[in-house]
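Colleague: I am new to this structure and would love a close look at one part of it. Could you walk me through how some of the helices sit against each other?

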Amino acid sequence: MSLLLPLLAIVAGLAVLVWSADRFVAAAAAIARHFDLPPLLIGAVIIGFGTSAPELAVSVLSALEGNPGIALGNAYGSNIANIGIILGLTALISPIAVHSQVLRQELPILTGVTALALALAWDLKITRAEAGLMLLVFAALMGWSVWQGLRSGSDALATETEAELQAHPMPIGRAWVELVLGLALLVASSRALVWGAVSVAQALGVSDLVIGLTIVAIGTSLPELASSIAAARKGEHDLALGNVIGSNLFNTLAVVGLAGVIAPMQAEEALLTRDLPVMAAFTLVLFVLGWGWRGQPGRINRAEGALLIAGYVGYSLWLVRDQLAA
């Protein structure tokens, strides 16, 4: 019975977190559209990174409450889940072809950002200075990406975002209400989720890091899963891949950066020896598959999607083995 309330808090927290994040992102996109912001800007920043609102809320709250394992595990675990589960399942439903030049440019950037995360975590600490550097790099990359897209004119991601906005219009008054309500519920549900996760970890003798890498990371990745599968079923492949690339950039730089600025974090050794190398391996695979070679667009077919899922299953078994050996 001692676990019942924390488990209910996790389930209810995740459900409300996913719903409120969806409404928050939809409202923010509608408001941006009302003020005539370019579709590429909305797709790359508001929608692409807005799906990481659950990770941001949970990691910031975890850092504030002195649970760095959940904060870091949530961010990096979500990156692994985004590639292994979300892109894997999406490719199984509909093979992903990459046409957007912006996304092809962001693939090597994501690889470089992952290398930066490894370098900064080498001493198992995220200081305020290092976190501030992450936020500066994030701001610079966002500005550069949007500038590149706007300068190049027509882009597949911009076209698909424009179609999505036209298909789901929202009155400006309703958008503001949903924006405020979504933000309030994000904070409340994140608090419930973090409390439940910490309580379960303490009761089972599992580290905060593992809880963050598994239950919390998969739960906060649900918005990316829903939006990527929906985009793939409509043939909007660039939007599906853009969700994952944008989310991983946001998690690695903005989520960890903001949490670290608020409260410097000490990491477990396993993060450096197990979890970050796995994240780097998945990112490198994504770069190879998504970049494309010999003038051909990048593509993730069904067989490659199945391999991504198998890789994530193997990583999960590694986590279980380490916990049993501890």
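Modeller: Happy to; what follows looks at two helix pairs and then at one long helix. Please keep in mind that this is a predicted model.

Let's begin with helix 4 (residues 68-93) and helix 12 (residues 269-291), whose axes come within 10 Å and cross at roughly 35 degrees. The crossing of helix 4 past helix 12 is left-handed. On the helix 4 side, the residues that meet helix 12 are L72, Y76, N79, I80, I83, G84 and L87. Their partners in helix 12 are L271, D275, L276, V278, M279, F282, T283 and L286. Sorted by character, the residues of this contact are eleven nonpolar, three polar and one charged.

Now turn to helix 9 (residues 208-220) and helix 13 (residues 302-325), which pack with their axes 10 Å apart at an angle of about 140 degrees. Angles over 145 degrees would count as roughly antiparallel, so helix 9 and helix 13 are oblique to each other. Helix 9 also passes helix 13 in a left-handed crossing. Helix 9 brings V210, L213, T214 and I218 to the contact, while helix 13 brings Y312, Y315, L319 and Q323. Here the division is six nonpolar, two polar and no charged residues.

Finally, have a look at helix 8, which covers residues 172-204. Its 33 residues, at 1.5 Å a residue, should span 48 Å, and the C-alpha atoms at its ends are 47 Å apart, so the two values agree. Just after helix 8 comes G205, with a positive phi of about 70 degrees.

Note on methods
Residues numbered from 1 in each chain as written. Predicted model: local features only at pLDDT ≥ 70, side-chain atom pairs only at ≥ 80, totals over all residues. Heavy atoms only, no water. Helix = DSSP H or I, 4+ residues; strand = E, 2+ residues; numbered from the N terminus. Expected span 1.5 Å × (residues − 1). Axes fitted to C-alpha atoms, helices over the stretch in contact; angles between N-to-C directions. Left-handed = near helix turned anticlockwise from the far one by under 90°. Contact = heavy atoms within 4.5 Å. Nonpolar A, V, L, I, M, F, W, Y, C, P; charged D, E, K, R; others polar. Parallel < 35°, antiparallel > 145°, perpendicular 65-115°, else oblique.
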